[in-house]
Each structure stands twice: as structure tokens, then as C-alpha cells.
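Work through the two exercises below with the sequence and the model at hand, and attempt each task before reading its solution.

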Amino acid sequence: MSAESAVRRIERTPPAEIERVRKWIFTEEYREKNFARQALVVNPAHACQPLGAEMVAHGFKDTLPFVHGSQGCASYFRSTFNRHFREPAPTVADAMTEDGAVFGGQNNLFEGLENAYSLYKPKMMAVFTTCMPEVIGDDLTAFIKNARLQGHIPADFPLPYANTPSFNGSHINGYDAMLKSILETLSAGHAPQGADNGRINLIPGFDANTANYREYKRMLKAFDVPFTLLADISDAFDSVNDGTYRPYPGGTPLEEAAEVLNGKATLALQKYSTVNTLKWLGEAAQGTVESLAMPIGIRNTDAFLLKLSELTGKPVPEELKAERGRAVDALTDGHQYLHGRKFALYGDPDYLLGLVSFLLELGARPWHVLCSRTTRKFEKEMKALLETSEFGRGCTVYINRDLWHLHSLLATDPVDGIIGDTHGKYLARDHNIPLFRVGFPIIDRINLHRLPLIGYTGTLNLLTQLANRFLDIQDETCEDQWFEMMR
Amino acid sequence: MSEKIIPGITTERTEKLIAQTLAEMPEKARKKRQPHVGANEPEASVCAVKSNRKTVPGVMSARGCAYAGAKGVVWGPIRDMVHVSHGPVGCGYYSWGTRRNLVQGVPGVTSFAMDFTSDFQEKDIVYGGDKKLEQLLREADALFPLNHGLSVLSECPVGLIGDDINAVTKKMEQELGKIVVPCNCEGFRGVSQSLGHHISNDSIRDFVIGKRSFDAPATPYDVALIGDYNIGGDVWAAKPILEEMGLNVRATWTGDGAIEEIAATHQVKLNLIHCYRSMNYMCKVMEEKWGIPWVEYNFFGPTKIAESLRKIAALFDADIQAKAEAVIAKYTPMAQAVIDEYRPRLEGKTAMLFVGGLRPRHTVGAYEDLGIQITGTGYEFAHQDDYDRTAPEMAKGTLIYDDVSEFEFERYVEELKPDLVGSGIKEKYVFQKAGIPFRQMHSWDYSGPYHGYEGFRIFARDIDMAINSPTWKLIKSPF
């Protein structure tokens with residue numbers, strides 16, 4: 001065949017060319033080219049909205065997350081949670097397909113609600129969307145109203161729903177949208193009347209560390225103040241193994257969440273993942289509504305406890321004061337192993353603000369701070385935080401840049417450590433820099449979500465992990481004459 | 001083959017279990033699910049269990065989507081291409097590094113197991129993403145110049161807003177001088193991953209195969225390994241066996257695959273197909289268009305490996321047949337040593353499976369080599385021909401379930417009380433919380449390879465470790 005003769009032979013890349021490119025991607029020239037790209041995103045450090053919505057849903061008792069849209073999305077969210085927590089993540093989808101694209105997804109929603117209600121016996125289903133119904137313009141408000149009218153779901157069954165288009169924002173925005181909808185739904189008919197109920201509503205935000213939730217509860221209990229933790233994923237994603245599988249092993253009780261507007265105060269420990277929830281609460285709730293920095297590090301934890309003290313009118317409990325003292329003792333003992341060390345960090349805005357605050361108070365330098373989907377407001381706030389400390393001098397902030405940009409940054413302006421989720425492990429390997437796994441998802445190490453990072457205990461954990469890893473590296477890599485008993 | 005019998009498993013009991021379980025479902029769902037579950041009839045030429053239908057909304061299915069089948073299964077494992085997840089950020093993010101299709105090469109230089117995405121924003125939905133895609137492909141080729149091709153995998157919005165990625169890839173293939181492949185695998189298409197495999201096969205047919213020729217002289221022993229995705233290094237355990245019996249493995253589809261070798265595969269003499277479900281389409285295309293025969297084989301467990309090697313060798317000359325016998329003779333004692341070590345601890349145990357393309361039937365022999373019987377099996381996304389191939393492998397009366405819901409699966413396992421469940425990550429912790437040993441059979445639970453003789457040793461170790469771990473004994477608390 002003549003066409004055959006025109007077929008190109010397989011071309012193998014010559015080893016010298018591989019070597020050239022291998023070196024080239026570490027150069028200033030490559031960095032410039034890499035930062036000039038406009039359309040291509042390589043290795044982003046953020047997920048999409050519905051994943052965040054699903055996490056909120058798992059944080060409420062007897063609540064079944066319900067994905068309106070393509071079933072494949074539900075499988076992706078679930079398996080991401082399964083891998084991070086090594087726990088079940090029961091979630092249904094109404095499995096829209098081509099005909100849904102033409103006729104809309106109302107019938108899928110009806111059938112899905114009916115089946116899920118009957119098979120999994122939830123007390124609430126939290127509905128959120130994938131791209132497909134968002135693009136075709138499904139009207140969830142009407143669909144859910146119709147579902148009740150036509151008897152597919154009992155009239156009084158709580159069905160909060162949120163539009164969570166993946167082509168907008170990231171998982172933290174989906175978290176926000178779903179949380180707001182759940183609270184709006186549950187609190188309907190529980191509007192403020194008379195005096196507040198004395199409770200403090202605490203919103204940790206998008207945080208995939210179950211131990212942090214337990215730590216928040218422990219601190220609040222130490223204050224001996226009634227509180228409601230919204231949305232409490234600690235038992236859902238760190239449940240016991242006693243030989244019985246429970247689809248809903250914990251979470252914020254719905255009746256407690258229903259009183260959210262009657263609390264004495266609402267405190268969010270992340271602000272970028274709770275923007276709309278707080279805005280709504282600010283208008284609807286009778287107590288004070290505010291957000292604080294995530295309590296990572298001593299100062300942020302101090303601020304959190306002082307706020308609790310202010311809200312409750314009680315002094316910070318002695319046991320927490322002692323914890324602070326011990327954590328500070330550990331920092332003054334251990335600072336020498338971290339002072340001046342440079343770090344690259346990537347992750348969600350609130351986590352980054354907390355971690356940077358901790359590094360600065362330790363005397364370490366948050367050299368490259370990168371968030372792959374966020375706002376100018378965050379950039380400003382981060383820069384302002386860096387300016388509060390001499391250790392922030394020269395540090396740089398990159399927003400809406402990805403982990404391949406970070407590759408170039410590490411190549412041309414290296415650091416001592418990287419802090420971020422599992423996706424940074426290729427950077428760590430390429431640049432021979434240790435990765436400290438913080439954030440979401442962590443899918444290549446066990447149990448890190450079971451070690452708190454917030455509060456004084458969390459600060460101690462972070463310090464220990466950072467310092468000891470550098471000491472391990474020193475012991476593992478130094479030449480014989482520099483190997484010694486003490487460090 | 002003598003008929004398999006498992007003590008306690010009868011058609012009557014299985015049918016009763018099915019009836020009881022489905023009785024708890026709403027009527028419409030029950031009617032839809034009924035045809036997808038049945039008691040096995042090994043002699044039946046057509047399996048009665050129906051498949052490849054729409055998932056019932058709200059029942060909690062384990063299925064993925066067409067994109068997952070395209071990106072995760074077919075394209076992702078090709079190591080030297082830039083695979084662009086075209087659309088919003090999530091799909092590419094969740095499928096980044098989560099299938100364990102290992103690759104050789106220098107990451108970011110010659111191999112690209114990374115997440116390339118157009119990260120669609122609202123404006124891309126409104127104005128369309130074709131222009132962005134064109135620029136993106138140009139940028140990707142400039143920043144990763146040693147790629148041998150680029151694929152564009154559409155996510156849901158792309159098809160809904162009417163973008164024409166095929167026009168873009170056609171233009172860019174000319175401009176870049178590389179293979180640039182469109183794959184219209186939007187997640188809402190079809191009923192499962194399976195359509196994504198099919199669409200991807202069609203893309204290979206239309207845009208890849210025949211575009212290159214091999215750079216070494218042809219021999220009568222040139223074969224391609226089709227449908228091995230190198231999970232945990234499977235290809236690296238399978239290929240050497242075939243080479244040892246004298247065959248030249250010229251291309252691997254698509255585990256640790258090179259796109260130009262795939263493009264030249266029309267020049268091989270025989271296609272060996274492991275995962276029939278995901279790749280039979282292209283085997284049939286190559287048979288029709290180039291007259292290349294294909295043969296299914298099974299590299300799980302020594303019994304099936306030996307059967308497969310003889311079946312493959314029979315298609316070649318006496319020399320290859322003699323070498324195949326030599327390979328079997330060489331490795332059988334090693335496999336026997338593995339059996340001698342583990343079988344005493346596993347004899348008489350039972351397992352239930354629920355996996356993807358080939359494993360619900362292909363791994364049965366490997367379990368049986370270890371003395372474990374399979375009491376139930378099923379597929380997430382199989383078709384009738386998969387179930388027809390499954391029936392003879394399973395004992396009479398065993399439970400066959402298609403696209404099983406979590407609700408059903410829990411009930412079935414509760415009743416049949418297997419010593420092991422082999423399924424996916426979404427099922428793993430459900431059953432482990434119930435105290436039932438579990439192995440992920442998609443990802444080999446971060447172990448592997450499981451293919452070939454080397455793989456069998458690891459498989460046996462893992463199954464023994466799962467079933468006989470002392471940790472299960474700690475679950476019952478003394479207080």
C-alpha cells in the first residue's frame with residue numbers, strides 16, 4: 001500500500017535530548033516560560049465545589065449526601081474521602097445521563113430521592129450539583145418543591161440543596177454553599193425569640209483533619225460552655241471498628257443545628273470557606289457572628305481562647321494555660337532546628353494563613369506561599385501577615401498558580417521544606433526537599449488526620465514533625481565524621 | 001471441566017436471598033434491579049443476569065463515568081502523552097495518580113503522570129473553550145517538548161456547550177507535528193465507565209492506529225499486549241514471561257504504553273488481550289482491517305497462566321510451543337512453593353468479588369489455586385459477553401450481581417459471610433467496619449503486581465495477610 005510507505009517510523013528521543021530537557025526545566029528561562037502560560041493548568045492544588053459540599057453533609061447526623069448530576073462525580077468525591085480518611089463515605093447520586101441533558105434531571109431527582117430515602121433511611125439528605133445540571137440550567141428549587149408535592153419525599157423531610165458548579169471557585173466554596181443551605185433549612189421555624197440560648201456555634205470550615213474537631217470540642221469543654229460544632233465530621237470520618245458498620249456514625253445533631261440562630265455567638269475558624277454562611281448568619285442570627293484565623297500556632301490559638309473567654313465571660317481554663325506553657329517551652333527548646341529555614345506552602349487560604357502565622361512566630365520563613373484558586377483579598381491578607389514579621393521579609397505569595405509553577409519556583413529559588421497535601425510529593429522528589437503532609441487529601445500516609453494541628457497540642461505536633469524530620473535527614477545523609485550521638 | 005460445587009451454596013438459597021433483599025426496595029427500583037441479579041448457571045450459554053443498563057438513581061452505585069473510563073483506564077496509562085482533562089478542575093484532579101498505572105520515564109520530562117487541565121471558569125462555559133484549548137495545547141507542547149502526543153478528554157460541560165474539540169485537535173496535530181487525539185468522553189454519556197473505554201477505542205481507531213511504523217524489522221513473533229494497564233507493575237510481570245517464550249512484545253496497551261508504539265500496532269501478528277471489556281473493540285478493528293487475530297488470556301494464578309501460555313503458543317510454531325512448556329516447567333515449582341506455603345492457611349475459605357472489567361472472572365482461578373472458593377461475583381460496568389464468560393468460571397448457584405448497590409452488597413455479604421471481600425475503595429471500609437477482611441481489587445490495595453508468576457506470589461501473600469491478620473481478632477472488645 002502506498003499510504004503505508006508514508007507512515008512515519010517511531011521516533012525515539014535521544015538520551016542527550018532527554019538530559020538537556022531534564023536540566024532545562026530547572027532553569028530561569030523555563031521559569032519565565034512556565035509563568036507566561038495563560039490557558040494551561042498543570043497540577044492544581046484544589047478540588048471542585050461539590051466535594052466540599054459532600055464533606056459538610058457528612059458532618060451532620062443521619063445525613064446522606066445526594067449528588068444531583070453525573071454518577072461519576074459522586075464516585076470521585078467518595079473515593080477521595082475514602083482514600084484520605086480510610087473510612088466509608090456513603091453518598092448517592094441520581095445518575096443523570098444523556099436524556100437528562102435533553103430533558104433535565106427532575107425525574108432522576110425524584111427517583112433518586114425515593115430510593116435513597118427508603119434504602120438508607122436518612123433523617124436529612126443534602127443535595128448538591130455537578131457540572132451537568134448547572135450547565136443545562138436545572139432549577140433545583142422547583143424540582144424539590146415538585147418532589148414534595150408529588151409525594152416522592154415526605155413534605156417535612158429536610159432537603160437542603162446547594163448549587164455547586166465546578167467551574168466556579170473550589171471545594172471551599174461548595175463547603176460554604178452547602179453549609180449555608182443546611183443551616184437555613186434546619187433553622188426554618190426556629191427564628192430568634194427572646195434571649196439567646198447561651199450556646200456557641202463553632203464552624204471549623206473545610207478541614208479534613210478529624211483530630212482538629214476533637215481538639216475544638218476538648219477546648220470548648222474545658223471552658224464548660226454549651227456549644228454546637230458545625231459540621232462535625234470527626235465521628236463520620238474517624239469511626240470505631242467494633243464489627244458493626246454504621247452509615248451515619250456521628251455528626252452534628254440536626255436538632256442542635258436547628259437552633260443555630262439562637263446561639264449566643266457564632267465563631268468560624270476559617271473565613272474563606274464560610275463567607276456566605278457568615279453573611280447570612282450575620283443577618284439572621286441573634287448572637288455575634290465573626291471569624292478568626294485558624295488556630296494554628298500559639299498566637300492564633302491565644303486569639304481563639306481569648307475570644308472564647310470574652311464570649312463566655314470566663315477566664316481561660318488553667319489546663320489550657322498549662323498547655324500553652326508546655327507548647328511554648330517546646331518551641332523555645334526546639335526553635336534552633338527550624339529558625340530561618342525556608343518553606344514552600346500550598347493549600348487552602350485559611351490553612352495557609354494559619355500555617356504562615358505559626359512559621360513566623362517560630363522564626364521560620366514561609367518563602368513561597370501558593371494558593372491555586374483564590375481571590376485578591378486573600379493575596380492582600382497574606383502579604384499583610386508576612387509584613388508583620390521580619391521573617392516574612394522576601395517571602396512571596398502566588399495566587400491562582402499551580403504546583404508546576406511551584407516546580408519552577410523551587411528550581412530557581414529553593415527552600416528547605418514543603419508543606420502541603422500528597423500532591424506535592426513529586427515536587428519533593430524532584431527537588432530533594434522534604435514534604436510535610438498537611439491539608440487535603442493525604443492519600444499516601446496513614447493516620448495524619450488523627451493528629452491535631454490546631455490549638456497548643458497541634459502546634460506541638462507540627463513543631464515535632466518539622467524538627468524531627470530535619471534531624472532524621474541530617475542523620476541519614478551526613479558523612480560519617482559528622483554523625484554523632486546528640487543533636 | 002468438572003462442575004464446581006461449594007458447600008452450602010444452592011440456587012434455591014441464592015434466589016431466596018435475592019428475593020428477600022430486593023423486597024426491601026421500592027417497587028420501581030426492585031423491578032429495575034431484578035434482572036441484574038441471579039444464581040449462577042454454569043452450563044448456560046447465555047448468562048441470565050442483565051447488564052450495561054442505566055444505574056438506578058439513588059441506590060448508591062459504585063460506577064464511574066465515561067470520562068473515568070477514558071482518562072483513568074485507556075489514556076492515563078500512556079506514559080509519553082500529555083493528557084488534557086478538558087473542562088472544570090475536578091475530574092482531572094480526582095483521577096490524578098489514583099489508578100496506580102505505573103510508568104517508566106522521567107516525570108515531567110519524558111513521562112507525564114500529572115494533571116493537565118483547562119480548569120474551566122464561568123466565562124469558558126459562556127464563551128466556549130475551543131480557543132483556550134488551542135492555546136493550551138500549544139503551551140503544553142512548548143513546556144513539555146518531549147511528549148510524543150497529546151490527548152484531549154472532554155468533561156461534561158464541553159459536550160453540553162457545543163464545543164468542537166475535534167476541529168481543534170485536527171488543527172493542532174498539523175501545527176505541532178505530533179499525534180493529537182480528541183476523545184469525546186463527557187461523563188454523562190452512556191451508563192458507566194464502559195462507554196468511555198469504547199469512545200477511547202474509537203479515538204484510537206480514528207486518530208492513532210496506523211499513523212506510525214515500528215522502528216525494528218518485523219518478525220513472525222511480534223505481538224501486542226492489550227488490556228493490561230500496569231496496575232502496580234502488572235505489565236512488568238507479564239511481558240517478561242511472553243518474551244521468555246519467544247514472543248516480541250512490540251506494544252503494551254496501554255499500561256506503561258508509548259503512543260507511537262500503539263500507533264504502529266497494526267503491524268503485529270497477534271494481539272493478546274487481557275481486559276476484554278475495555279479493549280475488545282480495537283482488537284476487532286485490527287482483525288477486520290488488518291487481519292490480525294486476537295486471543296484472550298488470563299495471567300492470574302498458575303493454573304490459568306499455564307492454560308493461557310499453551311493457548312497462545314498453539315497459535316505459533318513448535319519452537320514457541322516448546323519454549324512455552326519450558327517456561328511453565330520453570331515457574332511451576334515456584335508457584336507450587338507459594339501454594340504450599342499459603343494454601344494450608346486458606347483452604348476452604350470463601351470470597352466475594354465486585355470489581356471492574358475482567359477481574360470478577362479472571363481472578364477466580366487464582367483464588368482457587370489457593371483453595372479459596374468464590375461465592376459471589378459481579379461487575380460495575382460489564383456487558384452480556386462478560387457475564388457469558390463468567391458463568392462457566394463460577395460454581396452452580398453462586399450469586400451473580402451486576403452494578404450492585406451498596407444496600408444489596410451489604411445484605412448479600414451479611415448472608416453469605418465470606419472470609420474476604422475483594423472490591424473497591426468505596427466498599428473497603430464498609431466491610432472492614434463490619435469485621436470482614438477486604439482487599440481492593442482495582443488497585444491491588446497499593447500492592448502488586450498480581451499478574452504472572454511473580455504476581456501470584458504477591459497475590460497469595462496479600463490474600464493470606466488480609467484473611468489471617470491478627471488485627472481482626474482485636475475487634476471484639478472484652479468490655
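Two exercises follow, one on a strand and one on a domain contact. The model is predicted, so local features need pLDDT of at least 70 and side-chain atom pairs count only at pLDDT 80 or more, while totals for chains, interfaces and linings use all residues. Residues are numbered from 1 along each chain as its sequence is written, and chains are lettered from A in the order in which they are written.

**Exercise 1.** Determine which strands join E13(B), and in which direction each runs.

Solution. Strands are DSSP runs of at least two residues, numbered from the N terminus, and two of them pair if DSSP finds at least two bridges between them. Strand E1 (residues 37–39) of chain B is joined to E13(B) by three bridges and runs antiparallel, with B:Ala39 opposite B:Leu399. Strand E12 (residues 373–379) of chain B is joined to E13(B) by four bridges and runs parallel, with B:Thr377 opposite B:Ile400.

**Exercise 2.** Describe the side of domain 1 of chain A that touches domain 2 of chain A by its elements and residue classes.

Solution. The domain assignment (automatic or from a database) gives domain 1 as 48–239 + 246–291 and domain 2 as 322–479 in chain A. Counting residues whose C-beta atoms, placed from the backbone, lie within 7 Å, the contact takes 21 residues from domain 1 of chain A and 19 residues from domain 2 of chain A. Helices H5 (71–85) and H11 (210–223) of chain A each give two or more residues to the domain 1 side, and H11(A) provides the largest share, five residues.

Key. Contact = placed C-beta atoms within 7 Å. Nonpolar A, V, L, I, M, F, W, Y, C, P; charged D, E, K, R; others polar.
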